[in-house]
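Please open the model in your viewer and keep a residue selection tool at hand. The tour below proceeds from one selection to the next.

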Amino acid sequence: TAPAVQVSPAARSLFDEPLRIAVRGLGPRQPVTLRASLRDEGGELFQACARYRAGDDGELDLARCPALPGGSFCGLEPMGLLWALRPQRPFRRLVKRDVRSPFLLKLEVLEGHGDPPGRLLAQERHERAFLRDGVRRVPVRDGRIRATLFLPPGNGPFPGIIDLYGAGGGLPEYRACLLANYGFAVLALAFYSYEDLPKEMKELHLEYFEEAVNYMLQHTQVKGPGIGLLGISKGGDLCISMASFLKGITATAVINGSVANVGAVLRYKNITIPPLGSNPKRIKVNESGIADIVDALNNPLEGPDRQSLIPLEKAECHFLFIVGQDDRNWKSEFFAIEGSKRLQAHGKEKPEIVCYAGAGHYIEPPFFPMCAASMHLLVGKPVVWGGQPKAHCEAQIDAWQKIQAFFCKHLMGKPSGISSKL
């Protein structure tokens, strides 16, 4: 029989679901190269390859066969072909712009271990989707709010979450819709550089975010009495600011965020929090022109920079800090520990802090390939984000579980039953 690629689930899966990949019909001990590729919506090609040897029966199951040295990874890595995907051009990060269409993953089996490998023996295409059947995507233009609400299938109300990304601006929806697949009503909220919102992140007004919180609290499909917040990077410190000043927040999960206000002046009523100072002289640029900015920010515990600290001890919610210990954007672990000290010093509940060795700044939903370096809008050049691909991938899988369990516990009042799903 001719070689054939078998993928389970067949034909289509959710992006955060693991795949089982096998090849049948090879010769005994036959050497082959497996190659995975997908193109993002901008046409950017991402690829990974691995060298394998079939079993004595001519079968190759990635869950049981280790990859041999010489490819994008080696060892027993059932999902290696996905987490090891790399852009063909540098400084490109895999993001999903339109969640209504899937990514098309191409899997190829090539003869031998040559470089380049030999002729094509078999191939298979597989769709990696973002929206579970029945999840509703609702564009929101309510007052000043520019957002997209994702509602799970079935009759609500559902526990509500506001999802915020970082200094890249725009309206990323992919994390919000993947989270909605698990029974949450999730509002992906833009805060600058989108439609009629300000083009630049110079000054942010917490009243805008308060409008979004009230929108969720008043929505018939959102289960009260409070909602959750999820933010990464700049979105993380915005979530901490929201939790500190706004009512109706029950649980706040922060991925590699800061406990000081960063990057823009923050205003709320008669309160102004200046951005944390930085020193460009502390940025190291390597011979490839890539910047390491981890030391650029000032210490928010010293001198006038103390004014940038967010008063998170005012918050009346539960906190979860997700920390990549190889984050090269800023000192996320230091920020999480300081946040914890400050909360406890004011008699508040100790936050949950989950640290991942070898994980970088962009801890995304599972199976997004790690982005080692890309353009930073505020720095104006490519920066290194940190992380080791395999450790980073494992962190993303675990963090995704922890985030869902945290929101299940505090918004639904029950342990999450999703662990078997992933």
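**A hairpin, then a sheet**

Begin by selecting His376, which stands opposite Lys381 in strand 24. Strands here are DSSP runs of E with at least two residues, and helices are runs of H or I with at least four, numbered from the N terminus. The model is predicted: local features need pLDDT of at least 70, side-chain atom pairs count only at pLDDT 80 or more, and totals for chains, interfaces and linings use all residues. Residues are numbered from 1 along each chain as its sequence is written, and side-chain values use heavy atoms, with hydrogens and water left out.

Extend the selection to residues 373-376 and 381-384: these are strand 23 and strand 24, antiparallel and joined by four bridges. Pairing requires that DSSP find at least two bridges between two strands. Four residues separate the strands of this hairpin, and Gly380 in the turn has a positive phi of about 80°.

Next, display the open sheet of three strands, ordered 14-17-18 with mixed pairing. Strand 14 (203-205) and strand 18 (271-273) are at the edges with a single partner strand each, so one side of each lacks a neighbour in the sheet. From one strand to the next, the twist averages 20° (axes are lines fitted to C-alpha atoms, for helices over the stretch in contact; angles run from 0 to 180 degrees between N-to-C directions).

Now select strand 17 (residues 265-268), which pairs with strand 14 in the parallel sense over three bridges. Here His205 stands opposite Arg267.

Finally, add helix 3 (residues 206-218), which packs on the sheet and touches strand 14 and strand 17, contact meaning heavy atoms within 4.5 Å. The direction of helix 3 makes about 60° with that of strand 17.
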